[in-house]
Amino acid sequence: MEEISNAIIQLIEREKEGEKKLSIPPKGVRALIEAVRLAEIIKPSQYAKREAFKKHQIDEYYLNRMLTMLFYDIMKKQGLIDRVINDIVGVNPLILDPWLRAALRVVVDVSLFHHSKPGTLKALKWKGSDFISSKTHPYVGMYYWDIFDKVIGYKPRPKSRDEFLEWKYIAPIWLIRRIKKLLGEETEQFFQAVNSKHSWTSIRVNTLKTTVDEVVKALRSEGKEVKVSERVPTIVKIKGPYDFDRSKLFREGKILVQEEASAVASLILDPKPGMTVVDLAAAPGGKTSHIAELMRNKGKIYAFDIDEFRIKRMKEILKRMGVNIVKIIRKDGRKAPKILGRGIADRVLLDAPCTSSGTIGKNPELRWRLRENKILEIAELQKDLLKAAAQLLKPGGRLLYATCSLFPEENEENIEWFLGTYDNFRLISLNGPYDESPLLKGTMRAYPHRHGTIGFFYALLEKSE
């Protein structure tokens, strides 16, 4: 095990190469601890970060950028960090006081994976202790202070070769094995892609209100480096961080944060003005608003979802984007045929609830929350939603089934089941912009390491006349 331990230390030291020493002021310590704490409550984690940084007034560009890097590093390595905490305190971190857990996660990441100035460690020890004492109980802060030196002196002690692979790829071993089965020799490239620092932010231009040229010109006038996607003409990528809270383009609904692979789904669905479209799992509304844009705000969209918080965000997005053809229905999409009737839709989008495993590069903590034994359970829900979609379509209508999952059980296997169950549907082959799935001809996959976007699956189905 000594050999494996040394190999892990070499991995960690290699990651630190060329990194400047961190200098975190007291307000940065407080903001980072609070962001990590909120990330357990608010999903996705970037919203937690934004909330905490706003509260603690992290306005300085350099400080914001450094703390953002640290925050996502903690999210990405959370499972490994929690193993370190477990080794130190002797119990599963999940049973600790949540503020203590958050603070310890910050300290482990900063001390183990980064070079830090002495002042940073001092601020983490003293200001961190004061902050969590104010948030919970003074005894918790005292305990944190007492074990601080033990935490920063920790060295990894792996128990197996599998554990070494988890440190190497920064993922649980079951996920590593699944990716290797799916991608073979590309496994290394995949994990390099999802573990790398993302320097480009993807936005979609709302052509109901502006043009791509106008947005590109405005962003460049703000000093931003931008590029237009070669696959989706209304997707623009901004280099480096972007303050959406202060962005006039964002406030006026001219742009929306959306991944390229997500925007491709609406293009494949190809809704036309005047059509009736049903979005069976719509919130928070990125694709719903895109469909309305492609329909030029003419026709009808029924948007189903059950999550109150995400529906609230969808209402805000649709209003800001100037979309007025969407009727939001807060019901489970499986009930849509009973609510709307059968054979009423020209198009159905089922961007199905899924494990979201394809988004671990953008939502790094997700890799540690995923549970392999839940995959089949989620696949059954997806099948029920596919049944509803089949009932909603008119003859000649089209259904796009999409997920941001990597797992075949949620993707190709569901489509094979559907085609075997419904003989009045045919698969329409997709010829780009991404790669044909090797598991089912005619369906398509986007991969982080090949296409520079999140992992996505697409299958387009047509109901016979």
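The paragraphs below walk through a predicted model, from its nonpolar cores and helices to its recorded domain, its binding-site residues, its aromatic pairs and its unusual backbone positions.

The nonpolar interior offers a starting point. The largest nonpolar core has 56 residues, and those with the most contacts inside it are I33, L67 and Y144. Helix α6, which runs over residues 98–113, supplies the largest share of this core, 11 residues. Y144 shows how such a residue is surrounded: leaving out residues up to four places away in sequence, Y144 touches L100, A103, L104 and V107, and also L124, K125, G128, S129 and I132. A second core of 40 residues is separate from this one, and A283, I291, I325 and A402 are among its members.

L67 leads to helix α4, since L67 is listed among the buried residues of that helix, together with L63, M66, T68, L70, F71, D73, I74, M75 and K76. Nonpolar side chains are thus accompanied in this buried set by T68, D73 and K76. The length of helix α4 can also be checked against expectation: the helix has 16 residues (61–76), which at 1.5 Å a residue should span 22 Å, and because its end C-alpha atoms are 22 Å apart, the two values agree.

Turning to the annotated part of the chain, an unreviewed UniProt entry places the feature "domain: SAM-dependent MTase RsmB/NOP-type" at residues 191–464. In the model this span is 34% helix and 24% strand, and its end C-alpha atoms lie 41 Å apart. The unreviewed UniProt entry also places the feature "binding site" at A281, A282, A283, P284, G285, G286, K287, D305, D332 and D351. Of these positions, A283 is also included in the second core.

Two of the recorded binding-site positions can be followed in more detail. G286 is found in helix α15, and G286 counts as buried because its relative accessible area of 18% is under the 20% cut-off. Apart from neighbours within four places in sequence, G286 is in contact with R204, L256 and Q258. D351, by contrast, is found in strand β8, and with 16% relative accessibility D351 likewise counts as buried. Leaving aside residues up to four places away in sequence, D351 touches A281, K287, A402, T403 and F456; A281 and K287 are themselves listed by the record among the binding-site positions, while A402 is included in the second core.

Aromatic side chains form another layer of the description, with a count of 17 aromatic pairs. In one of them, the rings of W126 and W145 have their centres 5.5 Å apart and their planes at 70 degrees, and since an angle over 60 degrees counts as edge-to-face, the pair is so classed. This pair links distant parts of the chain, with W126 in helix α7 (residues 118–135) and W145 in helix α8 (residues 138–152), 19 residues apart. Both tryptophans are partly exposed, W126 at 46% relative accessibility and W145 at 31%. The rings of F418 and F425 also pair edge-to-face, because their planes lie at 75 degrees, with centres 5.0 Å apart. F418 is buried at 0% relative accessible area, and F425 is buried at 7%. F418 and F425 belong, with W417 and Y422, to one aromatic cluster.

Aromatic rings also meet charged groups. The charged end of R178 sits over the ring of F407 at 5.0 Å from its centre, and the charged end of R320 sits over the ring of F250 at 4.1 Å from its centre.

Some backbone positions deserve a closer look. A cis peptide bond, with omega of about -5 degrees, joins K43 and P44, and P44 is placed in the loop between α2 (26–38) and α3 (45–55). The peptide bond from A283 to P284 is also cis, with omega near 10 degrees; P284 lies in the loop between β5 (276–279) and α15 (286–294), and both A283 and P284 are among the recorded binding-site positions.

Positive phi values in residues other than glycine complete the picture. R296, in the loop between α15 and β6 (300–304), has a phi of about 60 degrees, and R296 is partly exposed with a relative accessible area of 39%. S356 has a phi near 60 degrees, lies in the loop between β8 (345–351) and α18 (366–369), and counts as partly exposed at 23% relative accessibility.

Methods
Residues are numbered from 1 along each chain as its sequence is written. This is a predicted model: local features need pLDDT of at least 70, side-chain atom pairs count only at pLDDT 80 or more; totals for chains, interfaces and linings use all residues. Side-chain values use heavy atoms; hydrogens and water are left out. Rings of Phe, Tyr and Trp (its six-membered ring) pair if their centres lie within 6.5 Å; planes under 30 degrees apart count as stacked, over 60 as edge-to-face and the rest as tilted. Helices (H or I, at least four residues) and strands (E, at least two) are DSSP runs, numbered from the N terminus. Buried means under 20% relative accessible area, exposed over 50%, partly exposed in between (1.4 Å probe, protein chains only). A charge sits over a ring if NZ of Lys or CZ of Arg is within 6 Å of the ring centre and within 35 degrees of the ring normal. The expected span of a helix is 1.5 Å times one less than its number of residues. UniProt positions are given in the numbering used here, feature names are shortened, and annotations may be inferred rather than shown by experiment. A nonpolar core is a set of buried Ala, Val, Leu, Ile, Met, Phe, Trp, Tyr and Cys residues joined through side-chain atoms within 4.5 Å. Contact means heavy atoms within 4.5 Å.
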